[in-house]
Amino acid sequence: MQLKNDRYLRALLRQPVDTTPVWMMRQAGRYLPEYKETRKQAGDFMSLCKNAELACEVTLQPLRRFPLDAAILFSDILTIPDAMGLGLYFETGEGPKFERPLTTMEQIKAIPIPDPEDELSYVMNAVRTIRKALNGEVPLIGFSGSPWTLATYMVEGGSSKAFTKIKKMAFADPQALHLLLDKLADSVILYLNAQIKAGAQSVMVFDTWGGVLSPRDYKEFSLQYMHKIVDGLIREHDGRKVPVTLFTKNGGMWLESIAATGCDALGLDWTIDIADAKARVGDKVALQGNMDPSILYAPPARIEQEVATILEGFGKGNGHVFNLGHGIHLDVPPENAGVFVDAVHRLSKPYHNS
């Protein structure tokens, strides 16, 4: 089936587009009243992820409100660790936790690599359901957490501020951590390739916690495993290329190294100027980003001003997907998100010749 709107895929491959494409991290989520209703219907967050029809419904909700250029699979980055048997649960107001965090080499040796069409079949069912429901309107993005980011939750037992347990493993028992990261990289390759076969037209790796590492440790414990994933992914399916985006939060100092993995695009958070990023890596990869999500609390004129500044920073040329520098905040008024999306489309036209 021909895509009616493929500007997101074209921009990732640095091909000409008529206007800069835009989507938002966490665009299906808690800032939308209709999402809250559907989640209530599901009972809890993981039940929502595991119900293909409801996961499809929340994926499509933001597209009904806003003229976004892509849909992103509604799921969670912790599906792989959950399938490895660590006992994922969610504490109200505290985020994800694991009943059985990893502390020893023996435990790491024992964890299985999940079969994506078996233990994670609910994700593939959601991908197939969403892809069918989209009916070629916009492309579908699949995603995974990065090995390092997944490992932080698996070793810490949940969210962390200081990351002492995983850093203790990194420096006191690096062999154990490398085995875990290697298993996770293999799992992510299988998982993302299964998403691509099920219908995802582009994939993204979220390295949320790579920025807590020193430059040398980032390359050793995070980047080399994302590089392994990029090397293992299906890059063409259904007669078209499948672009890969890598996003390390607070990773602005390592853009050249990330671009050297062979990915198609880099996600940028708001702590780097997009003009600087483009000057450093612009001819190698596309750039996705990078407005501070908190700007969406501002009045419409201020939102438009920020969009204009970022568009000007990137300048003319191909290879910009507009996005927030991280997920949209749960208390942002939905109409402000609408102002943002419309501003990107309207203000970016002069930067494209076609």
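A residue counts as buried when its relative accessible area is under 20%, as exposed when that value is over 50%, and as partly exposed in between. Keep that scale in mind as you explore this structure, which is a predicted model. The tour below visits some backbone features, then salt bridges, aromatic rings and cavities. A search of the whole structure finds 16 salt bridges, 10 aromatic pairs and 2 cavities of 30 Å³ or more.

**Backbone features**

- Most peptide bonds are trans, and most residues other than glycine have a negative phi.
- With that in mind, look at the bond between Gly 289 and Asn 290: this peptide bond is cis, with omega at about 0 degrees. Asn 290 belongs to strand β10, which covers residues 286-291.
- Asn 135 is not a glycine, yet its phi is positive, at about 55 degrees. You can find Asn 135 in the loop between α7 (121-134) and β4 (140-145). Its relative accessible area is 40%, so Asn 135 is partly exposed.
- Phe 163 also has a positive phi, near 55 degrees, and is likewise a residue other than glycine. Phe 163 sits in the loop between α8 (147-156) and α9 (164-172).
- Is Phe 163 buried or exposed? With a relative accessibility of 4%, Phe 163 counts as buried, because the cut-off for buried is under 20%.

**Salt bridges**

- Asp 6 and Arg 240 join their side chains in a salt bridge, with 3.4 Å from N to O. Asp 6 is in the segment before α1 (7-12) and Arg 240 is in strand β7 (residues 240-241), so this pair ties together parts that are 234 residues apart in sequence.
- Both partners of that bridge count as partly exposed: Asp 6 has 22% relative accessibility, and Arg 240 has 30%.
- Glu 99 and Arg 100 form a salt bridge through their side chains, at 3.0 Å from N to O. Glu 99 is exposed, with a relative accessible area of 51%, whereas Arg 100, at 45%, counts as partly exposed.
- Which residue does Lys 228 pair with in a salt bridge? The partner of Lys 228 is Asp 186, and their closest N and O atoms are 2.9 Å apart. Lys 228 lies in helix α11 (residues 215-232) and Asp 186 in helix α10 (residues 174-198), so the bridge ties together parts that are 42 residues apart in sequence.
- Lys 228 is partly exposed at 27%, and Asp 186 is partly exposed at 28%.
- Salt bridges can also share partners, and in this way Arg 7, Asp 18 and Asp 69 are joined into one network.

**Aromatic rings**

- The structure holds 10 aromatic pairs. In one of them, the ring centres of Phe 171 and Phe 221 are 6.4 Å apart and the ring planes stand at 80 degrees, so the pair is edge-to-face.
- Phe 171 belongs to helix α9 and Phe 221 to helix α11, so these rings tie together parts that are 50 residues apart in sequence. Phe 221 is buried, with a relative accessible area of 2%.
- For Tyr 218 and Trp 254, the ring centres are 3.9 Å apart and the planes lie at 15 degrees, so this pair is stacked. Tyr 218 is in helix α11, while Trp 254 is in the loop between β8 (244-248) and α12 (255-259); the pair links distant parts of the chain, 36 residues apart.
- Tyr 218 and Trp 254 are both buried.
- Ring pairs also link Tyr 35, Phe 45, Phe 74 and Phe 90 into a cluster.
- Charges can sit over rings too: Lys 50 lies over the face of Tyr 122, at 5.2 Å from the ring centre. In another case, the charged end of Lys 278 sits over the ring of Phe 314, 4.1 Å from its centre.

**Cavities**

- Rolling a probe the size of a water molecule over the atoms shows where empty space is left.
- The largest cavity has a volume of about 50 Å³. Its lining includes Thr 248, Asn 250, Leu 255, Ile 258, Asp 269 and Ile 272.
- How do the lining residues of the largest cavity divide by type? There are 4 nonpolar, 5 polar and 1 charged.
- The second largest cavity holds about 30 Å³ of space. Among the residues that line it are Thr 20, Phe 314, His 320, Tyr 351 and His 352. This lining divides into 3 nonpolar and 5 polar residues, with no charged ones.
- Phe 314 appears twice on this tour: it lines the second largest cavity, and its ring has the charged end of Lys 278 over it.

Terms used. Residues numbered from 1 in each chain as written. Predicted model: local features only at pLDDT ≥ 70, side-chain atom pairs only at ≥ 80, totals over all residues. Heavy atoms only, no water. Helix = DSSP H or I, 4+ residues; strand = E, 2+ residues; numbered from the N terminus. Buried < 20%, exposed > 50% of the residue type's maximum accessible area, 1.4 Å probe, protein only. Salt bridge = Lys/Arg side-chain N within 4 Å of Asp/Glu carboxyl O. 1 Å grid on protein atoms, 1.4 Å probe; cavity = no way out; pocket = protein on both sides within 12 Å on 5 of 7 lines; lining within 4 Å. Points joined across faces, edges and corners; volume = space filled by probe spheres on them. Nonpolar A, V, L, I, M, F, W, Y, C, P; charged D, E, K, R; others polar. Phe/Tyr/Trp six-rings, centres within 6.5 Å; stacked < 30°, edge-to-face > 60°. Lys NZ or Arg CZ within 6 Å of the ring centre and 35° of its normal.
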